[in-house]
Amino acid sequence: MDMPTAPADALHTVPAFPFEYKLPAGKTALVIIDMQRDFIEPGGFGASLGNDVSRLIPAIAPISMLLEAWRARGWPVVHTREAHKPDLSDCPPAKRDRGSPSLRIGEPGPMGRLLISGEPGVDIIPELYPVAGELVLDKPGKGAFYATGLGDWLKARDITHLIFTGVTTEVCVQTSMREANDRGYDCLIVEDGTESYFPEYKAAALEMLTAQGGIIGWRCDSKTLLASL
Ligand code: TIU
């Protein structure tokens, strides 16, 4: 016999910080920010900036468990990739020319041209590879809403709550969560489902997003979230 399923409007109570997060079943998207080879594997964009890319690996297993839970329930999943058009027309010089990376955006590396749509380095890592029905979004900025169709996609599905995971905590994840909060979404960031090249920046980002009574949103770890579904 099939297990009875909760009605689509069931509310799950997550014991989050700074207070309980009410998660509506079916209206809460799992958002996985930029879990792509260019940030996580050697030879990509993250490494070109001088970072130790192995620091991001601990986020993979918690995200994978959340992804499994969302898929099992048929709930919405969004994967983003930081990526530019091959002619770089959507990459401002202020982004490309800044600093002194070993390779710049658009230059060829071992996984193809850095942060260019369609190149191997832009692809999502195999452990979290998208399946049919999940939104895969290329974004030219750090935020997932800027110059993308994400807002329209969420509205069309009546999605009101967003669970944030991915990399890096204080860059693309934080920017996206702030954009989402300004657009009226109730946002929760998963503490062990996000990583940074800089542990101190990760800790600070988690603190500042949820300070002042949840000024941008909520936080909890993946076990707490999974146990409350
Ligand atoms: N450099 C860094 O920490 N992050 C980025 O450039 N992009 C994302 O966070 N995805």
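## Worked exercises

At 28% relative accessibility, D138 counts as partly exposed; here buried means under 20% relative accessible area, exposed over 50%, and partly exposed in between, with a 1.4 Å probe and protein chains only. The model is a predicted one, in which local features need pLDDT of at least 70 and side-chain atom pairs count only at pLDDT 80 or more, while totals for chains, interfaces and linings use all residues. Residues are numbered from 1 along each chain as its sequence is written, and side-chain values use heavy atoms, with hydrogens and water left out.

**Exercise 1.** Place D138 in its element and list its contacts beyond its neighbours within four places in sequence.

Step 1: D138 lies in strand β7, where strands (E, at least two residues) and helices (H or I, at least four) are DSSP runs numbered from the N terminus.
Step 2: Once neighbours within four places in sequence are set aside, D138 is in contact with R81, A83, S117 and T148, contact meaning heavy atoms within 4.5 Å.
Step 3: For A83, which stands 55 residues from D138 along the chain, the C-alpha separation is 5.5 Å.

**Exercise 2.** Determine whether E82 is buried or exposed, and name the residues that it touches.

Step 1: E82 belongs to strand β4, residues 77–82.
Step 2: Its relative accessible area is 0%, and E82 is therefore buried.
Step 3: Not counting residues up to four places away in sequence, E82 touches D34, Q36, F39, K95, L115, V122, K139, G141, K142 and C172.
Step 4: C172, one of these contacts, is itself among the buried residues of helix α6.

**Exercise 3.** Check the length of α6 against its expected span, then describe its packing against α7.

Step 1: The expected span of a helix is 1.5 Å times one less than its number of residues; for the 14 residues of α6 (169–182) this should give 20 Å, and the end C-alpha atoms, 18 Å apart, agree with it.
Step 2: The buried residues of α6 are T169, E170, C172, V173, Q174, S176, M177, E179 and A180, and the helix is followed by G184, whose phi is positive, near 95°.
Step 3: α6 and helix α7 (residues 199–214) pack at an angle of about 15° with their axes 10 Å apart, the axes being lines fitted to C-alpha atoms, for helices over the stretch in contact, and the angles running from 0 to 180 degrees between N-to-C directions.
Step 4: That angle makes α6 roughly parallel to α7, since angles under 35 degrees count as roughly parallel, over 145 as roughly antiparallel, 65 to 115 as roughly perpendicular and the rest as oblique.
Step 5: On the α6 side the contact is made by T169, E170, Q174, M177 and R178, and on the α7 side by Y201, K202, A205, L206, M208 and L209.

**Exercise 4.** Find where the cis peptide bonds F17 to P18 and V167 to T168 fall.

Step 1: The bond joining F17 and P18 is cis, with omega about 5°, and P18 sits in the loop between β1 (11–14) and β2 (21–24).
Step 2: The bond from V167 to T168 is also cis, with omega near -15°, and T168 sits in the loop between β8 (161–167) and α6.

**Exercise 5.** For A147 and Q212, state the backbone angle phi and decide whether each residue is buried or exposed.

Step 1: A147 has a positive phi, near 60°, although it is a residue other than glycine, and it is found in the loop between β7 (135–139) and α5 (150–156).
Step 2: With a relative accessible area of 56%, A147 is exposed.
Step 3: Q212, likewise not a glycine, has a positive phi of about 55°, but its place is in helix α7.
Step 4: At 69% relative accessibility, Q212 counts as exposed.

**Exercise 6.** Describe the surroundings of F45.

Step 1: F45 lies in helix α2, residues 45–48, and at 8% relative accessibility it counts as buried.
Step 2: Apart from residues up to four places away in sequence, F45 touches D38, F39, I105, L114, L115 and K142.
Step 3: The C-alpha atoms of F45 and L114 are separated by 5.8 Å, though the two residues are 69 residues apart along the chain.
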